[in-house]
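Q: Please take a close look at one helix packing in this model. Describe how the two helices cross, what meets between them, and what lies around that contact.

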Amino acid sequence: MELLRQMIRIRRFEERCVQLYSAEKIRGFLHLYIGEEAVAAGLLGQIGAGDAVVSTYREHGHALVRGIPMAALMSEMFGRASGCSGGRGGSMHLFDAGRRFFGGNAIVGGGLPLAVGLALADAMRNRPAVTVCLFGDGAAAEGEFHECLNLAALWRLPILFACENNRYAMGTALHREHAVTDLALRAAGYGLAAWPVDGMDPEAVATATQRAVQSIRGGSGPCFLELLTYRFRAHSLYDADRYRDKAEIEHWKKRDPIPALSAELRASGALDGQSLADLEAAVDAELDDAIAEAEAGPLEAVADLSRHVYAERP
């Protein structure tokens, strides 16, 4: 039920963001997570508060499951000073140091070196923490992907590399970009324990994450999960999405993790129509409150715009 609740929260948040973007209340780039909710719900629900998370520009779902309040996220989307990044990051740069959520990163693969640094710091300080590094299949084409996997394995760092393989990176099919498309196999070549996971099944993701985290905490070194998933929407709202066949998208929508898990819970007797309606109503109320708080939130004072940009005089 918790997996279902989190997936519905992510889906409704994303759908409302589309409406708000169309109304020009959210500006800038917007990368939607619709279709990939099973990864965030299944993976981030299995780690502890002391663990670290490094994310990508498609990170709304990651931030929600990590526990960042929806109002703080929506305020950031609106560019308000009350947002989790002070209104300075927007959709791609969500951040919450208190929850050890270190971005949001607009650069493809840019979070990988940061995650290795965080894991190295935890290891050097003997902190019993795992760093989870989320990234897409497009990052596998970047040099830091190979450098970071090599260093993590060489130093046996406590890091979980979680590749959300949605097969198209920003807009190029995996097989058009890589001679070897089995990304788990490529990770294994650097000495990591690595295996593929059905990223459309939140229970499969949760089970794989538990196995990986237990191994990492036991001192066995880093793990790599290739989470096979699919985004139902284009790369961003600026993307015309002409590189995918429409029939393929409809095929994947039949594997939508939300109705699939709902049907499973109904079959087991754990869910009925009224409880689902109550769950959806609670999520909608949470969203309404978050939007109201975001709309009422303050903009940063013009006098403060140079803060965090230039060093202050001693």
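A: In this predicted model, helices α1 and α12 cross with a right-handed sense. Helix α1 covers residues 2–22 and helix α12 covers residues 273–296; their axes come within 10 Å, at a crossing angle of roughly 45°. With that angle, α1 counts as oblique to α12, because angles between 35 and 65 degrees fall outside both the roughly parallel and the roughly perpendicular class.

On the α1 side, the contact is made by Leu 4, Arg 5, Ile 8, Arg 9, Arg 12, Phe 13, Arg 16 and Leu 20. These meet Leu 276, Leu 279, Glu 280, Val 283, Asp 284, Glu 286, Leu 287, Asp 288 and Ile 291 of α12. Sorted by class, the α1–α12 contact holds 9 nonpolar and 8 charged residues, with no polar ones. An α-helix has 3.6 residues a turn, so residues three or four places apart point the same way.

Phe 13 of α1 also belongs to the largest nonpolar core, which has 56 residues; together with Met 74 and Leu 160, Phe 13 touches the most other members. Leaving aside residues up to four places away in sequence, Phe 13 touches His 60, Leu 64, Met 70, Leu 73, Met 74, Met 77 and Leu 287. Leu 287 is also among the α12 residues in the helix contact. Another core, of 24 residues, lies apart from the largest one and includes Ala 52, Val 116, Ala 119 and Phe 161.

Methods
Residues are numbered from 1 along each chain as its sequence is written. This is a predicted model: local features need pLDDT of at least 70, side-chain atom pairs count only at pLDDT 80 or more; totals for chains, interfaces and linings use all residues. Side-chain values use heavy atoms; hydrogens and water are left out. Axes are lines fitted to C-alpha atoms, for helices over the stretch in contact, and angles run from 0 to 180 degrees between N-to-C directions. Helices (H or I, at least four residues) and strands (E, at least two) are DSSP runs, numbered from the N terminus. Angles under 35 degrees count as roughly parallel, over 145 as roughly antiparallel, 65 to 115 as roughly perpendicular and the rest as oblique. A crossing is left-handed if the near helix is turned anticlockwise from the far one by less than a right angle, and right-handed if clockwise. Contact means heavy atoms within 4.5 Å. Ala, Val, Leu, Ile, Met, Phe, Trp, Tyr, Cys and Pro count as nonpolar, Asp, Glu, Lys and Arg as charged, and the others, Gly among them, as polar. A nonpolar core is a set of buried Ala, Val, Leu, Ile, Met, Phe, Trp, Tyr and Cys residues joined through side-chain atoms within 4.5 Å. Buried means under 20% relative accessible area, exposed over 50%, partly exposed in between (1.4 Å probe, protein chains only).
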